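Q: Could you take me through one part of this model up close? I'd like to follow a single piece and then see what surrounds it.

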Amino acid sequence: MPRPLLLSPDRLFPSDPAQRDIARRLYGEVAGLPIVSPHGHTDPGWFAGNAPFGNAAELLLHPDHYVFRMLYSQGISLGALGIRNPAADPRESWRLFAQNYHLFRGTPSRMWMDWVFAEAFGFDVQFSAETSDLYYDRITEALSTDAFRPRALFDRFGIEVIATTESPLDTLEHHAAIRAANASGEWGGRVITAYRPDSVVDPEFEGFRDNLQRFSELSGEDAFSYAGYLAAHRNRRAFFAEMGATSTDHGHPTAATADLSDAEAEVLFARVTGDDVSAADAELFRAHMLTVMAGMSLDDGLVMQIHPGAFRNHNPWLFAHYGRDKGADIPMATDYVHALRPLLGRYGNEAALTIILFTLDETSYARELAPLAGHYPALKLGPAWWFHDSPEGMRRFRSQTTETAGFYNTVGFNDDTRAFLSIPARHDVARRIDCGFLAQLVAEHRMEEWEAAELAVDLSYNLAKAAYKL
Amino acid sequence: MPRPLLLSPDRLFPSDPAQRDIARRLYGEVAGLPIVSPHGHTDPGWFAGNAPFGNAAELLLHPDHYVFRMLYSQGISLGALGIRNPAADPRESWRLFAQNYHLFRGTPSRMWMDWVFAEAFGFDVQFSAETSDLYYDRITEALSTDAFRPRALFDRFGIEVIATTESPLDTLEHHAAIRAANASGEWGGRVITAYRPDSVVDPEFEGFRDNLQRFSELSGEDAFSYAGYLAAHRNRRAFFAEMGATSTDHGHPTAATADLSDAEAEVLFARVTGDDVSAADAELFRAHMLTVMAGMSLDDGLVMQIHPGAFRNHNPWLFAHYGRDKGADIPMATDYVHALRPLLGRYGNEAALTIILFTLDETSYARELAPLAGHYPALKLGPAWWFHDSPEGMRRFRSQTTETAGFYNTVGFNDDTRAFLSIPARHDVARRIDCGFLAQLVAEHRMEEWEAAELAVDLSYNLAKAAYKL
Amino acid sequence: MPRPLLLSPDRLFPSDPAQRDIARRLYGEVAGLPIVSPHGHTDPGWFAGNAPFGNAAELLLHPDHYVFRMLYSQGISLGALGIRNPAADPRESWRLFAQNYHLFRGTPSRMWMDWVFAEAFGFDVQFSAETSDLYYDRITEALSTDAFRPRALFDRFGIEVIATTESPLDTLEHHAAIRAANASGEWGGRVITAYRPDSVVDPEFEGFRDNLQRFSELSGEDAFSYAGYLAAHRNRRAFFAEMGATSTDHGHPTAATADLSDAEAEVLFARVTGDDVSAADAELFRAHMLTVMAGMSLDDGLVMQIHPGAFRNHNPWLFAHYGRDKGADIPMATDYVHALRPLLGRYGNEAALTIILFTLDETSYARELAPLAGHYPALKLGPAWWFHDSPEGMRRFRSQTTETAGFYNTVGFNDDTRAFLSIPARHDVARRIDCGFLAQLVAEHRMEEWEAAELAVDLSYNLAKAAYKL
């Protein structure tokens, strides 16, 4: 007999009755607030075309590297799961997932999935080997209905605004289509882009020079001269802003910044656009460009996000056979104090600038990030990110940053996901954890409950809207 | 209508009823103990002259970099707050503070301030925009009364002894005046100094060579020869000890120590007192001097404190416009295992020596500091410091050091503050958190309650007296 | 009057009633399970010879560096404790321990010791100065009885299997004697060895070249040629496997690995077996040999354990006077992301290989180790180790690794101890902490109780058996 699937209304609240009662009340104030998703990786084509999603494995297993990395870690081949393997039977891949669902006990993936199963698809029995086919069939069937098309889910999820992330080389035609649908009254969903220029900022990015060629074409500037390169950025940033962007995003291996003179930058630019780019030059150029981008943000008002600290593609065999984004990116120890000083020395005192900083290195929360954000007007802390976007990770974020940076130097939650169906679950986890954290402060008489109630709304909704200018 | 201001008698205790009941009983044993403040930065001139403090902003806002750094981080200019700006109206600066008091939710500053407002000044409504002028007027008026003069507050706060911190270039005339008042029976408060020689130990300190000149004059030694320099230290240490000092204090960028031969040291000394001191030489000289100072402590009995790990004046614009100590010092990752080995190799086995080590890098608590202090007889751990002198910071300190170093290789609490009125609040927070931590151990049957009661007194009072020889 | 000694049945469970009730039920399922001890440092001679242990100090004080390091840290000389001092009266050494038993408040040593006192020896009064002689006499007397001989305690403790750790230079005669006793039906206890080749892998190990000479003799290979050296390893690994070994163990200063070509390795081998080995060569050779050992594990099926990150013999005076393993090993910050990449790049995708990785640097749990183990099929995480084998240390391990690596990329508990009598206490602490952690997940509705019950058995028993192939 399959076990029942029940989502407790008290899930993720502290079990201490005093704290739990407060957490319930706080959560009651925010549970129904719209979702503001200011940073993520959903595909704008979903909302432009509104085509139905495919089968259960295609929607929930194949694109979710949180899920298949865990299965892979236990010796299950990616091919059998259908990753880069069209020959795999999706039902069989799904069964492998079902048989190994116990591996996810205690992980956020388990909580997100159970929410999707219970709330999005209405299951009332647990996912397991026994219920694998039941799940596969019912999900796949649902996906063929209008109620499960992207726009319908967007509306049903109560999403007020969602940002996707695109390269400057993207033509944003999906966003144009969505805006046309908005204008015609066909659909009201607000989907905006964000400017992620890694492919034309990182000399070590695959196809960097080809990318600059395309960058030139799209911008009408000569991106192979330093002046033209900067003009191309300004041009594309303006175009992204027209298409709704309120932010840029920068995914660098480290948090290094530099502030070169124009003459130095020009010489460096010549080197990194030539043959045989050294690792040091590539790092210095990325570092310099963060400061340049901050300056452009001060001019055009785009909020700047920095996501540093991942060792990308750590597994060479996997990269060779399966490519990027297959769960083999590993966080590294990351210095911020020295790394950010050139940028902050130049622009950190600008209250009109907003730089939102993320980390994969939790040791920096209390030691570096909270002290930096608790001082520099331009700097705010992004929420617990990626491996740390989890109940315990979020608790550590709050308990290690609040005392020095307060709540108001943070920017609310963002889901940073391509797993569209999990977005409400992720925001719900964040709201529950924040309410639980606030409840502890109230129960320990470190804050009044009315203050916590104000903060619960700020953390769930207001701070993200304000920080991202939404 | 203003909200009521109430300090719960259970504040900061765990909300679990079993733990809270034990914490209440433990706290009952220590709440009334005198305050021993073995390290801090109050101004001895206050107690020597006993002049009234100024207005609310002068006393509570202008000197407190915990407070104005948070306001600055949200875009409020330091000038408007009256920092280095005599033209600012203190009442208006105070209003800015009041309007933004919500920024401090969840921070220790909020708890300390509320204690000062409620306990020191008797407010029963919360501080807010609405009550800003009420607060300003009542505080400013109170400060003009005898009951709020420094000595009266010292007595009212139950301070048994307080240490200030002075440079060897200080003539200690305030301490002499206090000791004269003690001797004459005019006032019984015990105020002692501590020897903080950074200005004559750090070749990168502003005016280093001028400082050595003054050092020579005060000591009657030639501080420009290495032998004379060491003799000058011995001379001033002896003078400080006469004026009550039981400790020295060393604030270095890193924890590096070195143990040079006399010949090597002499050559290095010549270099660092010459022109164009290299950063490496400056670091090596500071490192060597920590070992020299430990040796002198073994001779003269002064307890040695080391406070490493801050990147001072991280914000160059702020430093240029507002100077030091404006909230722009940022902690750095700090190695202790390799850094301290020269000093510990030389003196670590001396049970007669006490070195009290602090950190701004919490990652070292369990990994490095507790193992070092749990082994070397000379080494003890100072309490959670600066950014970590907070409820969560203190909990992390105890939970990460106790299992390896025990409680008896720690030295009780010190407030390390120049915010005189917050001293009782800070000690109270530490006592409450320690009692809560002990209560958890008792409630989880990891310790008997009678043991916890002994420890509560040790942590609140006995350990500081013993470690600092007070 | 001595205080009563009582071990609460609820010790180490969370005090929140909801969590405690669940923890009790989970613990009820695992409290009586046999002990699987897959890694440790007990002396196989005990079980081969079955001679009685000596007096209380010899058994419980002299070999336990957790205990005497704490006493030493408070200024008690090792000589007075009887360490390397046969002239010391063991009763007097024991009294020093008793008088200072309060130093252990809040430490795991205190919990382990109290278990030994209450459960192994039946004391019902606390250990203290007052009861020192009572303890000394009763323990020493008990040790002379058959019930306290090694094999009887092994049986009484419910040990299903225990692994010791030996060098390739060990002849394993004790293991042979035990296997003979097993075969003859004289005793049924299962005691196996593990292959720990540091003395012939680390060019900086004392007597490295003498060790290679002995290695040659024992293996019948020429361990001074690279090919012969590898053959010698294969030979001794096979012999260890015959004597029951299912694992190897590698205690390196860092986690560095390398993957040299045969030609490069041969040249390096010539250098590190010659005069004047450089530190860099020694490190590179150790690094390369980890990859070589992983390859041999893939061939012969031995599970590979890596224990990196200790600065051995940090205290030079103590090392000169008292030698190794005297509590002066200190953990260091340890990088895994870059360090392990050569090994993982070569063998990390092999599901047939098991590498169990430990750390002394907790900052790597969430940042590096959980992401690595949550991806690479070959990699599993060892339990909280050494300074972190403690209630708070274990809680941090679970709360920082589970969300990314899950439970099934961990391998249950191992005690890693030479303190034989504490083994049941250590496993009991681990079971209680794991049950408490699971109870929190259940009480916060992050897991069902039936899942937690399955996991409790897995963490206490099944995972260790499976991971170590026992």
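In which sense do strand 8 and strand 9 of chain A pair, and over how many bridges?

A: Keep in mind that this is a predicted model. Strand 8 of chain A, which covers residues 355-357, pairs with strand 9 of chain A in the parallel sense, and the pairing runs over three bridges. Here's a spot you can look for: Leu357(A) stands opposite Leu381(A), which belongs to strand 9 of chain A.

Now zoom out a little. These two strands are part of an open sheet in chain A, made of four strands in the order 4-5-8-9 with parallel pairing. Its edges are strand 4 (247-250) and strand 9 (379-381) of chain A, and each of those pairs on one side only. The sheet isn't flat, either: on average, neighbouring strands are turned by 25° against each other, if you ignore direction.

There's a helix to look at here too. Helix 14 of chain A, residues 279-300, packs on the sheet and touches strand 4, strand 5 (303-306) and strand 8 of chain A. Compare directions and you'll find that helix 14 makes about 155° with strand 5 of chain A.

How sure is the predictor about this chain? Chain A averages a pLDDT of 98, and 100% of its residues score at least 70. For the complex, the predictor gives an ipTM of 0.97 and a pTM of 0.98.

Next, look at where chain A meets chain B. The contact takes 37 residues from chain A and 42 residues from chain B. On the chain B side, the elements giving two or more residues include helix 6 (108-120), helix 15 (316-322) and helix 18 (391-405) of chain B. Helix 4 of chain B gives the most to that side, with four residues.

And the other copies? You can lay chain C on chain B by a turn of 120° and a shift of 0.0 Å along the axis, with an RMSD of 0.0 Å. The two copies are therefore related as by a three-fold rotation axis. They use different surfaces, though: 5% of the contact residues of chain C recur in chain B.

Last stop, the inside. The largest nonpolar core has 433 residues, and those with the most contacts inside it include Leu71(A), Leu438(A) and Leu438(B). Leaving out residues up to four places away in sequence, Leu438(B) touches Leu26(B), Ala452(B), Leu455(B) and Ala456(B).

Methods:
Residues numbered from 1 in each chain as written. Chains lettered and ligands numbered in written order. Predicted model: local features only at pLDDT ≥ 70, side-chain atom pairs only at ≥ 80, totals over all residues. Core = buried A, V, L, I, M, F, W, Y, C linked by C-beta atoms within 7 Å. Buried ≥ 20, exposed ≤ 12 C-beta atoms within 10 Å, placed from the backbone. Contact = placed C-beta atoms within 7 Å. Least-squares fit on C-alpha atoms with pLDDT ≥ 70 in both. pLDDT = per-residue confidence, 0-100. Pairing = 2+ DSSP bridges. Axes fitted to C-alpha atoms, helices over the stretch in contact; angles between N-to-C directions.
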